[in-house]
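Q: I am new to this structure and would like a close look at one place where two helices pack against each other. Please take me through it slowly, and explain each term as it comes up.

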Amino acid sequence: MSSNPSLRDLYNPPSSAWAFIPPPSPMQNASVPAPAPAATSYQWTTRPAHNSIFDLSPSLDLSEPSSLDVSLLLRSLFASALLQYTSTALVMPLEVGKLLLQIQWIPKDAPAPSSHIYEEEEEEETLSDSTNEDESYFADPAASHTKYPAPKPVDDQGYVIRTSVLEDGTRPEYIIPVGSMNGTWDMVKRVATFRGEGWLSLWKGLLTSCIHDVLFSNVQPLVDNIIHSMFLSSAAGLYRPPLLLPVASHVITGFLLSPLDLVRTRLVAQSAMQRYRTYTGPFDALRQIIAQEGGIRSIYFHPQLLIPTILDNGLRPLLHILMPTLIAPRLGFGPHVAPDTSPIAWAFAQVLGSMASLLITLPIETVRRRLQVQTRGTAKALRTCAETRPVPYNGVVDALWHIVTEERSDLPIKRKSKPRKQQAEHAEENDSNDLLAEKQDESRWLRNTGIGQLYRGMRMRVGVSVIVLLLTTFGGQQEVDGGWAEL
């Protein structure tokens, strides 16, 4: 019996070079010797790919040790902060105009004062008429009807008492005139051209707004993950999480960041004039509020701040989730409309849902801004650049009731002017009276109610929603960015 041959002589060490040459077949191995490997065979390289995107992402070479690159981290943070700051600065003028419109107080019982401008023709006729001079000389001044205005009431110290917010003579120099704008853009232009404010006032509270937005966008997902890990088990799988969990994460995040929102509102509302300014910056505002208005507990748990914060941060995500699901089946695209199957229809439903949500969220936001402007404790009243209510509100319901019942919505308010001639033809008077009667009937509900005051900035937000819809439709995105609705 012969022994098994050894396999030692049959082993050939593999070549270290990679060659894209097919191995020879057994028949060729028997007859034709194997060709030598080509000298120009392709060699695999170990050089990592170039890292693009401003060299801010991690290296693509997996062989390098995974250590923290401090310079790369700092550059990434700087680029992110610069992008966030720039995006916030672009929309800040509209935010300032909207906030000032929301806190502006316009009572409906404020009479529009006449200009008391006497025409030269009337003065010449009065001076040339000698008979009227003689009659007015011997007439009783108390019984005669004079064209000069009655003396204005004064206080004990001799200062003229302000009887109307439309009076320019008694209006403080740091307050923008009431009733001279008809929208957010008009308020932006008025702030820029007002002597006490200027163009730089359109970016009041920019740093605070940027910090608030960055913290909210980072803290809210973290809180949402914590809530899901606490109340949802791993067996939930593909089931949809309850609706209250994302709403709760927004409420908790808004509650934690409510002092920053309070500081932002105060900084935007205060006058930009140096001698009337209350706060020099966000840190000074937070320090004064804590020291004079009840401490940290008050800025979190005061009823006039806590209840509007919960309502504002709770209704927004709730309506943002519910409204598209209620509107999408009624658009005529079918019973089942989802972001994956019908992205355009779903985007259209989201935009319509955001517009419908403004009918509920805008009044709550307006009330919250007005309550934030009010000072509490031992703090002095904030000197705002917009007209505010001299008597503070007692809460959310009280603010809603007084806004609707004691304010007017017909902006811009037309000032009365004295006619040039007191005598006019009866035909022209009848025609003008008919036209005035029709105009008064059309604007009577605006003149006698403050419902329009609850929806300042409505047109701007509707315009932004339409722009978002167009960008979503033609840009190929499948989800409407809800952050635009926060303007």
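A: What follows looks at the packing of helix 7 with helix 11, and then at some other parts of the model.

The model is a predicted one, in which local features need pLDDT of at least 70 and side-chain atom pairs count only at pLDDT 80 or more, while totals for chains, interfaces and linings use all residues. Residues are numbered from 1 along each chain as its sequence is written, and side-chain values use heavy atoms, with hydrogens and water left out.

Two packed helices are described by the angle between their axes and the distance between the axes. Helix 7 spans residues 244–256 and helix 11 spans residues 303–327, and their axes come within 8 Å and cross at roughly 145°. Helices here are DSSP runs (H or I, at least four residues), numbered from the N terminus, and axes are lines fitted to C-alpha atoms over the stretch in contact, with angles running from 0 to 180 degrees between N-to-C directions. The crossing of helix 7 and helix 11 is right-handed, a term for the near helix being turned clockwise from the far one by less than a right angle.

On the side of helix 7, Pro 246, Val 247, His 250, Val 251, Gly 254 and Phe 255 take part, and they meet residues of helix 11 including Leu 306, Thr 309, Ile 310 and Asn 313; contact means heavy atoms within 4.5 Å. The residues of this contact divide into nine nonpolar, five polar and no charged, where Gly is counted among the polar ones.

Within helix 11, Thr 309 deserves its own look. Thr 309 counts as buried because its relative accessibility is 6%, and buried means under 20% relative accessible area, with a 1.4 Å probe and protein chains only. Its C-alpha atom is separated by 6.5 Å from that of Phe 255, although the two residues are 54 residues apart along the chain. Leaving aside neighbours within four places in sequence, Thr 309 is in contact with Gly 254, Phe 255, Ser 258 and Arg 368.

Another threonine, Thr 366, lies in helix 12 (residues 343–373) and also counts as buried, at 0% relative accessibility. Beyond its neighbours within four places in sequence, Thr 366 is in contact with Gln 102, Gln 453 and Leu 454.

As for confidence, the protein averages a pLDDT of 76, and 63% of the residues score at least 70, on a scale from 0 to 100 that gives the predictor's confidence in each residue. Among the elements, helix 8 (residues 258–269) has the highest mean pLDDT, 97, and helix 3 (residues 120–128) the lowest, 44.

Conventions
Helices (H or I, at least four residues) and strands (E, at least two) are DSSP runs, numbered from the N terminus. Buried means under 20% relative accessible area, exposed over 50%, partly exposed in between (1.4 Å probe, protein chains only).
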